[in-house]
Amino acid sequence: MPQTKTIRIFLGSSIVELHAERVFLGDYIMNSVRPIFKNDGIEIELFKCEDIHSGNSGSTSQAVIDNRIRECDISLFLFKSRAGENTLHEFDVARSVQNTKLHEIYLYCFDVPEERKGEDLRVFQNRLEKEKLYWKTCKDIESLEAQFILGLLKYERQLLGMKPDSTVGQESDIEKDGDTLFEEYELNKQKLHHKIDDLLQQTETVMENEDETIAERIFKVIELYKKADRWASKTDYDKEKYSHLLFNYAQFLDDYGLYRDAESIYLRQIPLAEELYGAEHENTATTYNNIGLVYWRQGDYDKALKYCQKALAIWEKVLGTEHPDTATSYNNIGLVYMAQGDYGKALEYYQKASEIVEKVLGTEHPDTASSYNNIGGVYDAQGDYGKA
């Protein structure tokens, strides 16, 4: 019988501010996720900062936490409105561990208005941007769970080495049937294409099944897309439908924080979109825009700017300079300049976006409000608090 492997996870955050979220996430990992990984022969051990504190006192407690981090394989940090001296110290310990062994770090920040963020968190965010480390923003604990479990799945596959593609149960009847058809492709080409369509239809309904955990649902959708992609890539599947397949596949990965995987799919979809629609078409521009945002989230600002500017050039030409999509493109370029610390350029593009949405959508539209908010963020970063 193979020896059981263990993944040790350290969960840290502001002990007071995120106590409820930390307890909820910890319970989810141990009660819902652990059984899934146990089926693959992997045990999960979870260490929360307050659990380590509870058994120690005085000046030794932080040293004990530091040693525990060094023993772990993954460090998971949560942030909301503040960073906290101890949490920042623990992050630095985790970073130092990466110099000696495989140690993954996952950073998540709950989506809160900029004005609620403390200066310690702002400074930390700026540091991450300069070091080209990125974190994932989550709107609630449920989206955080989904993003982290996907990261944990990737770590599991790396840990196991020769891991089968699917980690979620057995193949469906559609998948089994489709594999048989693939071997007899010349005789069953049309049937196989129908099976691809069936797989894609499944991707639209799997996430609605509340009887399964979010992690299980996400795993299944990814496996369905992967299977459909493999079949379509090796057959003469309709190119336009294949382009939509890749686009939706990349968007799904992007939505759940798998940015590098989304990047690789978009890079395959771009030439297909250019072939189908031409280099100056709205659909091509949308793909340029989306991969630009993926690069932005990964901290690769040069590539982000390159693709966002390509999208803008198309939208300006095809839709004109007074269209909401053009405004969105200006806004996204502003995001990249903001991340680079080029506040002058960021302000320039945010203001262009604002002028369009004010004119096209009016001064009482949510997009206009978001535009004002972005401009306020630039002034805030510049220290011009009156204008902010």
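## A strand pairing at the sheet's centre

Ile-9 stands opposite Ile-74 in β3. The model is predicted. Strand β1 covers residues 5-13 and is joined to β3 by five bridges. The two strands run parallel.

Strand β3 spans residues 74-79 and also meets β4. Six bridges hold that pairing, again in the parallel sense. Ile-74 has a bridge partner in β4, namely Glu-104. Ile-74 thus recurs in two pairings: opposite Ile-9, and with Glu-104.

## The sheet as a whole

These strands belong to an open sheet of five strands. The order is β2-β1-β3-β4-β5, and the pairing is parallel. The edge strands are β2 (42-48) and β5, each pairing on one side only. On average, neighbouring strands in this sheet are turned by 25 degrees against each other, direction ignored.

β5 comprises residues 136-138 and pairs with β4 over three bridges. This pairing is parallel as well. Here Tyr-108 stands opposite Lys-136 of β5.

## Strand β4 and its crossover

How much of strand β4 is buried? The strand runs over residues 104-110, and six of its seven residues are buried. It is therefore largely enclosed by the rest of the structure.

The path from β3 to β4 includes helix α4 (residues 85-97). Together, β3, α4 and β4 form a β-α-β unit, and the unit is right-handed.

## Helix packing around α14

Helix α14 (residues 324-340) packs against helix α13 (residues 301-319). The angle is about 160 degrees, and the axes lie 9 Å apart. The cut-off for roughly antiparallel is over 145 degrees, so α13 and α14 qualify as roughly antiparallel to each other. Their crossing is left-handed. On the α13 side, the contact residues include Tyr-301, Leu-305, Cys-308, Leu-312, Trp-315 and Leu-319. On the α14 side they include Asp-325, Ser-329, Asn-332, Ile-333, Val-336 and Ala-339.

Helix α12 (residues 282-298) also packs with α14. The axes come within 11 Å and cross at roughly 20 degrees. That angle makes α12 roughly parallel to α14. This crossing, too, is left-handed. From α12, the contact uses Asn-289, Leu-293 and Trp-296. From α14, it uses Asn-332, Leu-335, Val-336 and Ala-339. Asn-332, Val-336 and Ala-339 of α14 thus take part in the contact with α13 and in the contact with α12.

## Thr-368 in helix α16

Thr-368 sits in helix α16, which covers residues 366-382. Is Thr-368 buried or exposed? Its relative accessibility is 0%, so Thr-368 counts as buried. Buried means under 20%.

Which residues does Thr-368 touch beyond its neighbours within four places in sequence? The contacts are Val-357, Glu-358, Leu-361, Gly-362 and Thr-363.

## The chain overall

The protein chain has 16 helices and five strands. It holds 388 residues, and 48% of them are buried.

Contacts across the sequence can also be sorted by separation. Among contacts in the protein chain with a separation of 6 or more, 68% join residues 24 or more positions apart.

How values were computed: Residues are numbered from 1 along each chain as its sequence is written. This is a predicted model: local features need pLDDT of at least 70, side-chain atom pairs count only at pLDDT 80 or more; totals for chains, interfaces and linings use all residues. Side-chain values use heavy atoms; hydrogens and water are left out. Helices (H or I, at least four residues) and strands (E, at least two) are DSSP runs, numbered from the N terminus. Buried means under 20% relative accessible area, exposed over 50%, partly exposed in between (1.4 Å probe, protein chains only). Contact means heavy atoms within 4.5 Å. Two strands pair if DSSP finds at least two bridges between them. A crossover is right-handed if, with the strands pointing away from the viewer, the path from the first strand over the helix to the second runs clockwise. Axes are lines fitted to C-alpha atoms, for helices over the stretch in contact, and angles run from 0 to 180 degrees between N-to-C directions. Angles under 35 degrees count as roughly parallel, over 145 as roughly antiparallel, 65 to 115 as roughly perpendicular and the rest as oblique. A crossing is left-handed if the near helix is turned anticlockwise from the far one by less than a right angle, and right-handed if clockwise.
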